[in-house]
Amino acid sequence: MRLLLALSRAIDALSEAVGRLVVWLVLLVALLSAGNAVMRYAFNYSSNAYLEAQWYMFSLIFLLGGAYALKHNAHVRIDLLYGRLSKRAQAWIDLLGTLLFLLPLSLGVIYLAWPWFLNSFAAREVSPDVGGLPRWPIKLMVPVGFALLLLQGLSELIKRIAFLTGHLELPGEEKEVVE
């Protein structure tokens with residue numbers, strides 16, 4: 001169990017590092033969006049590349065930020081009964097939800113998205129819009145994002161098993177509030 005918990009800590013560190021980088025993308029996409037609007041309305045200049053860069057960064061925020069959100073329990077969940085249950089019951093629900101939904105879904109998306117990316121890469125797919133960006137880099141981020149989510153799901157699974165077997169005390173699972 002010690003080895004698995006060390007693996008879990010390594011995955012958590014990866015999710016944390018990627019999440020900290022993604023936070024900067026939020027600022028970058030906001031600045032690019034504002035700059036794009038200023039250029040369009042003040043100077044009557046627009047570029048498809050700038051617009052697509054905004055879309056790509058916005059996509060990256062969600063694709064690469066999913067694992068970070070899962071690690072910090074900041075994901076959307078419908079909590080009708082969960083909050084009223086004991087920590088042990090919550091751990092069982094998390095464990096079963098991860099095994100039955102999160103891991104299979106992540107594997108399925110990776111399985112389907114990888115050939116989609118490979119075809120795009122082989123064709124050197126580019127946006128059909130004049131001045132548009134290559135499409136294959138953003139298509140690569142779909143399997144990468146779900147691979148990160150899969151890894152974080154494994155980390156959460158390890159932590160729940162460790163808790164249920166008495167090897168780990170889970171910290172409070174309150175949603176993290178960013179100030």
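**View 1. Arg40 in helix 1 and its surroundings.** With a relative accessibility of 30%, Arg40 counts as partly exposed, a class that lies between buried (under 20% relative accessible area) and exposed (over 50%), as evaluated with a 1.4 Å probe and protein chains only. The model shown is predicted, so local features need pLDDT of at least 70 and side-chain atom pairs count only at pLDDT 80 or more, while totals for chains, interfaces and linings use all residues. Residues are numbered from 1 along each chain as its sequence is written, and side-chain values use heavy atoms, with hydrogens and water left out. Arg40 belongs to helix 1, where helices (H or I, at least four residues) and strands (E, at least two) are DSSP runs numbered from the N terminus. When residues up to four places away in sequence are not counted, Arg40 touches Tyr45, Ser46 and Leu51, a contact being heavy atoms within 4.5 Å. Between Arg40 and Trp114, which are 74 residues apart along the chain, the C-alpha separation is 36 Å.

**View 2. The whole chain, for orientation.** The chain contains 4 helices and 0 strands, and its pattern along the sequence reads α-α-α-α. Its C-alpha atoms fill a box of roughly 65 × 40 × 30 Å when taken along the principal axes. Of the 179 residues in the chain, 36% are buried. Among contacts between residues at least 6 apart in sequence, 74% join residues at least 24 apart. The chain exposes about 11300 Å², of which carbon and sulfur atoms supply 72%; accessible areas come from the Shrake-Rupley method with a 1.4 Å probe, and for residues only the protein chains shown count as cover. There are 15 positive and 13 negative side chains, and the centres of the two sets lie 3 Å apart. In this count Lys and Arg are positive and Asp and Glu negative, whereas His and the chain ends are not counted, and the place of a charge is taken as NZ of Lys, CZ of Arg, CG of Asp or CD of Glu.

**View 3. Helix 1 and the loop that follows.** The 42 residues of helix 1 should span 62 Å at 1.5 Å a residue, and the 60 Å between its end C-alpha atoms agrees with this; the expected span is 1.5 Å times one less than the number of residues. The buried residues of helix 1 include Leu5, Ile11, Val18, Val22, Leu25 and Val29, together with polar or charged positions such as Ser8, Asp12, Glu16 and Asn36. Helix 2 and helix 4 are among the elements that cover the buried residues of helix 1. Asn44, in the loop between helix 1 and helix 2, has a phi near 50 degrees, a positive value in a residue other than glycine. Asn44 is exposed, its relative accessible area being 72%.

**View 4. The nonpolar cores.** The largest nonpolar core (buried Ala, Val, Leu, Ile, Met, Phe, Trp, Tyr and Cys residues joined through side-chain atoms within 4.5 Å) has 21 residues, and Leu60, Leu64 and Met141 are those with the most contacts inside it. Two or more residues of this core come from each of helix 1 (2–43), helix 2 (48–71), helix 3 (87–122) and helix 4 (136–164), with helix 2 giving the largest share, 9 residues. Leaving aside neighbours within four places in sequence, Leu60 is in contact with Val22, Leu25, Gly65, Ile138 and Met141. Apart from this core lies another, of 8 residues, which includes Ala91, Leu103, Leu164 and Leu170.

**View 5. Helix 4, with the loop before it and the residue after it.** Helix 4 has 29 residues and reaches 42 Å from its first C-alpha to its last, close to the 42 Å expected at 1.5 Å a residue. Helix 4 is mostly covered, with 21 of its 29 residues buried. Pro137, which lies in helix 4, is partly exposed at a relative accessible area of 31%, and its C-alpha atom is separated by 9.9 Å from that of Val126, 11 residues apart along the chain. In the loop between helix 3 and helix 4 is Arg124, whose phi is positive, about 50 degrees, although this residue is not a glycine. Arg124 is partly exposed, with a relative accessible area of 49%. Gly166, which follows helix 4, also has a positive phi, near 80 degrees.
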